[in-house]
Amino acid sequence: GAVIVAGGGTSRTCLVTQAAFRQAYPAGTPWGLPGTVEAENFDRGGSGVAYGDATPANEGGQYRTGEGVDIAAQAQAGNGFTVGWTPANEWLEYTVNLAASGTYTLEARVAGVGAGGRFRILVNGVDQTGLLAVPNTGAWNAYQVVQKTGVALSSGIQTVRVEMVTAGPSGN
């Protein structure tokens, strides 16, 4: 996966070492953008490399059961699975290949019960969205799209991180 190199040689060595263990999921090929990346298809590499999760087990018990990310079956989700149980400070990373430099709209399909959930999207370590609110959709399977328009991105291989900054009232 691609990483941004900011700083001197020590930072460069550390980041390249981490990237050696990271691989796009599921086929090892970065997701082509513009397009859609399903949340449950975060990169390979394990905890601390491809994701950060508060619990070691997959609380939903579905799909990638050997990973700590909490995935449940969900008929209303785009690919039949949803990432849930997302308290503050959890994150997921995706290796993508952006076809052309330009100004884009970043979208996330989210659901939440209650108000207060906030997340952000970073590209190569740079916050591209600021804090985005997860609306109270009334049910865990009632989805709405949250957008950030006017995001300038460069072409090529990028690392996209979705960070859960605050949780809603039930902790998800």
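Here are some worked exercises on the predicted model shown above.

Because this is a predicted model, local features need pLDDT of at least 70 and side-chain atom pairs count only at pLDDT 80 or more, while totals for chains, interfaces and linings use all residues. Residues are numbered from 1 along each chain as its sequence is written, and side-chain values use heavy atoms, with hydrogens and water left out.

**Exercise 1. The overall picture**

Task: Find how many helices and strands the chain has, and in which order they run.

Solution.
- Step 1: Helices (H or I, at least four residues) and strands (E, at least two) are DSSP runs, numbered from the N terminus. By that rule the chain has 1 helix and 11 strands.
- Step 2: Reading from the N terminus, the order is α-β-β-β-β-β-β-β-β-β-β-β.
- Step 3: For burial, take under 20% relative accessible area as buried, over 50% as exposed, and anything in between as partly exposed (1.4 Å probe, protein chains only). Of the 172 residues, 38% are buried.
- Step 4: Now turn to contacts, meaning heavy atoms within 4.5 Å. Among contacts in the chain with a separation of 6 or more, 64% join residues 24 or more positions apart.

**Exercise 2. A salt-bridge network**

Task: Work out which residues are linked with Arg161 in a network of salt bridges.

Solution.
- Step 1: Start with the criterion: a side-chain nitrogen of Lys or Arg within 4 Å of a carboxyl oxygen of Asp or Glu. The count comes to 4 salt bridges.
- Step 2: Arg161 pairs with Glu93, their closest N and O atoms being 2.7 Å apart. Arg161 belongs to strand 11 (residues 156–166) and Glu93 to strand 5 (residues 91–98), so this pair ties together parts that are 68 residues apart in sequence.
- Step 3: Arg161 also forms a salt bridge with Glu163, at 3.4 Å between the closest N and O atoms.
- Step 4: Put together, the network links Glu93, Arg120, Arg161 and Glu163.
- Step 5: Check the burial of the members, including Glu93, which is buried at 10% relative accessible area, and Glu163, also buried at 13%. Arg161 is partly exposed at 21%.
- Step 6: Another salt bridge joins Glu67 and Arg64 (3.4 Å, N to O), and both of these residues are buried.

**Exercise 3. The partners of strand 7**

Task: Identify which strands pair with strand 7 (residues 118–123), and in what sense.

Solution.
- Step 1: Two strands pair if DSSP finds at least two bridges between them.
- Step 2: Strand 7 and strand 11 are antiparallel, with 6 bridges; here Leu122 has Arg161 as its bridge partner. That is the Arg161 that bonds to Glu93 in a salt bridge.
- Step 3: Strand 8 (residues 126–127) runs antiparallel to strand 7 and is joined to it by 2 bridges. In this pairing the partner of Leu122 is Asp127.
- Step 4: Strand 9 (residues 132–133) pairs with strand 7 in the antiparallel sense over 2 bridges, and Phe119 is matched there with Leu132.

**Exercise 4. Unusual backbone geometry**

Task: Locate Asn89, Asn124 and Pro34, and say what sets their backbone apart.

Solution.
- Step 1: Recall the background: most residues other than glycine have a negative phi, and most peptide bonds are trans.
- Step 2: Asn124 has a positive phi of about 50°. This residue sits in the turn of the hairpin formed by strand 7 and strand 8, which have 2 residues between them. Asn124 is buried, at 17%.
- Step 3: Asn89 has a positive phi of about 80° and lies in the loop between strand 4 and strand 5. Asn89 is exposed, at 64% relative accessibility.
- Step 4: The peptide bond from Leu33 to Pro34 is cis, with omega near 5°. Pro34 is found in the loop between strand 1 (31–33) and strand 2 (51–52).

**Exercise 5. Two polar side chains**

Task: Find which polar contacts the side chains of Thr82 and Ser101 make.

Solution.
- Step 1: A polar contact is a pair of N or O atoms within 3.5 Å; within protein, one must be able to donate a hydrogen and the other to accept it, and residues adjacent in sequence count only if both atoms are side-chain atoms.
- Step 2: Thr82, in strand 4 (residues 81–83), is buried at 17%. Its side chain makes a polar contact of 3.3 Å with that of Tyr143.
- Step 3: Ser101 lies in the loop between strand 5 and strand 6 (102–110). A polar atom of the Ser101 side chain is 2.9 Å from the backbone nitrogen of Ser155.
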